Amino acid sequence: QEQLVESGGGLVQAGGSLRLSCAASGGTFRTRNMGWFRQAPGAERELVAIISFGGKNTYYTDSVKGRFTISRDNDKNLVYLQMDSLKPEDTAVYFCAGGGSYSRKYSPTSWGQGTQVTVSS
C-alpha cells in the first residue's frame, strides 16, 4: 500500500513562497496520478492541483492558477507543490494524494497526513 509523507509547510508572510514535497513509498509511483488538496479551518477539503502519472498534464483550481506549480520526479518518487505569491486565504492543511483517475473530480486512493501552511498578512 502506498504511503505518502508531506514536508515543507510552515509560516510565511503574504507574497512569499513555499515548496511542499511529498515522498511516496510502497507503490508504483510512476504509474499513479498525484495531487494536492487543502483544507482550511471550518471548510471542506478542496482540490488544489493534480498531475498525470507521466507529468505531462496538470490541472489547477482557479484560485491558485498562475501562482502554484505542481511537478513530480518519477525517479525519486517525489511530487512537489511550488507556491508563490501566497495569500492569507491560502492558509490550510495541505494534503498529498495519490492514485485515482486524472479528472477535475479527482478521487485519490491514498492520502498523506497533511502539512500546515500559514500565510500571515
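Begin with the open sheet of this predicted model: four strands in the order 1-3-8-7, paired in the antiparallel sense. Strands of a sheet pair through backbone hydrogen bonds, either parallel or antiparallel.

Select residues 3-7 and then residues 68-73, which are strand 1 and strand 7. Both stand at the edges of the sheet; each has a single partner strand, so one side of each is left without a neighbour in the sheet. Viewed across the sheet, the twist averages 15° from one strand to the next.

Now walk through the order, starting at strand 1. Add residues 18-25, strand 3, to the selection: 5 bridges link strand 3 to strand 1 in the antiparallel sense. To find one of the contacts in this pair, show L4 and its bridge partner A24 in strand 3.

Next, select residues 78-83, which form strand 8. Strand 8 runs antiparallel to strand 3, and 6 bridges join the two. Display L20 here together with L81, its bridge partner in strand 8. While strand 8 is selected, colour it by accessibility: the strand is mostly covered, with 5 of its 6 residues buried.

The last step leads to strand 7. Strand 7 and strand 8 are paired by 6 bridges, again in the antiparallel sense. Select F68 to locate one of the paired positions; its bridge partner in strand 8 is M83.

Finally, follow the chain from strand 7 into strand 8. The two form a hairpin with 4 residues between them. Centre the view on N77, which lies in the turn and has a positive phi of about 55°.

Note on methods:
Residues numbered from 1 in each chain as written. Predicted model: local features only at pLDDT ≥ 70, side-chain atom pairs only at ≥ 80, totals over all residues. Heavy atoms only, no water. Pairing = 2+ DSSP bridges. Axes fitted to C-alpha atoms, helices over the stretch in contact; angles between N-to-C directions. Buried < 20%, exposed > 50% of the residue type's maximum accessible area, 1.4 Å probe, protein only.
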